[in-house]
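User: Please take a close look at the salt bridges in this model, at where their partners lie and at how far they are buried. Please also describe the backbone in the loops and end segments around them.

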Amino acid sequence: MAITFSDLHTESGLKSLNDFLTGKSYISGDKLTKDDIKVYAAVLKNPGGSFPNVSQWYNCVSSHLASSFPGKAVGVSLGGKADPAQSAEAKSPAADDDDDDLDLFGDETEEDKKAAEEREAAKKSAKKKESGKSSVLMDVKPWDDETDMKKLEEAVRSVEMPGLLWGASKLVAVGYGIKKLQIMLTIVDDLVSVDTLIEEHLTVEPRNEYIQSCDIVAFNKI
């Protein structure tokens, strides 16, 4: 239900407002609203100790306004007195609409809440769409028993690309003095293809000087 205050430039009007603010911090509810701004605009100045409730409320609104308008004010005064009838005629319905749209302190509207919910939903959806990962165990075979296995492993680990992480490794005996490198790697499925890794990086120059072939021993989704 709308609250009406009249003649706030007079003592009778201020007394009515002072009585209304008994036990209250704001005009409506427990925080600053547009109602406070409208009433504040109608009160010419802080009435002081004569109306303590109004004075306290006036100071509170002033502090909020000061933080919202940090520019340095030089102070202005308004002179003259408009005819109440003319003032009423001058104020059009469009002006009332503008007052309703005024939001000095960023009160959250239904549209703001809806937009925030949509942003959160989009973030959650994006997280769900993130690509999975896989753990791969690979055998890397040398040309012969004379291949420098240390340099072979260095050649393997020198392959770098987004979504590829090399892990632990060990040398496994094959026979006739030949050993193979068995190495773990973790890949992001949408970024790294194991076939491409082998065919376009590991078994081509210059790494094919040490690497004869590669085999996938195990491939598991993480």
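Analyst: Three words describe how far a residue is covered: buried means under 20% relative accessible area, exposed means over 50%, and partly exposed lies in between, with a 1.4 Å probe and protein chains only. The model is predicted, so local features need pLDDT of at least 70 and side-chain atom pairs count only at pLDDT 80 or more, while totals for chains, interfaces and linings use all residues. Residues are numbered from 1 along each chain as its sequence is written, and side-chain values use heavy atoms, with hydrogens and water left out.

Side chains of opposite charge can pair when their charged atoms come close. A salt bridge is counted here when a side-chain nitrogen of Lys or Arg lies within 4 Å of a carboxyl oxygen of Asp or Glu. The whole structure holds 5 salt bridges by this search. Three of them are described below, with helices (H or I, at least four residues) and strands (E, at least two) taken as DSSP runs and numbered from the N terminus.

One salt bridge joins D139 and K180, with 2.7 Å between the closest N and O atoms. D139 belongs to strand β1 (residues 133–142) and K180 to strand β3 (residues 178–188), so this pair ties together parts that are 41 residues apart in sequence. D139 is buried, at a relative accessible area of 7%. K180 also counts as buried, at 16% relative accessibility.

Strand β1 takes part in a further pair, between K141 and D215, where N and O are 2.8 Å apart. Because K141 is in strand β1 and D215 is in strand β4 (residues 211–221), the pair ties together parts that are 74 residues apart in sequence. D215 is partly exposed at 32% relative accessibility, and K141 is partly exposed at 29%.

Another salt bridge lies within a helix. R157 pairs with E153, and their closest N and O atoms are 3.0 Å apart. These two residues stand 4 residues apart in helix α7 (residues 149–157), which means that about one helical turn separates them. R157 is partly exposed, with a relative accessible area of 30%, and E153 is partly exposed as well, at 22%.

Between strand β1 and helix α7 runs a loop that contains T147. This threonine is buried, with a relative accessible area of 13%. The side chain of T147 reaches the backbone nitrogen of W143 at 3.4 Å, a polar contact (N or O atoms within 3.5 Å; within protein, one able to donate a hydrogen and the other to accept it, and residues adjacent in sequence counting only if both atoms are side-chain atoms). Leaving aside residues up to four places away in sequence, T147 touches P142, L152 and Y210, where contact means heavy atoms within 4.5 Å.

The backbone also deserves attention. Most residues other than glycine have a negative phi, and most peptide bonds are trans. In this model, a cis peptide bond joins E205 and P206, with omega about 0°. P206 is placed in the loop between α8 (194–202) and β4. Y176, which is not a glycine, has a positive phi of about 60°. Y176 sits in the loop between β2 (164–175) and β3 and counts as exposed at 83% relative accessibility. D7 likewise has a positive phi, near 50°. D7 is found in the segment before α1 (11–20), and at 46% relative accessibility it counts as partly exposed.
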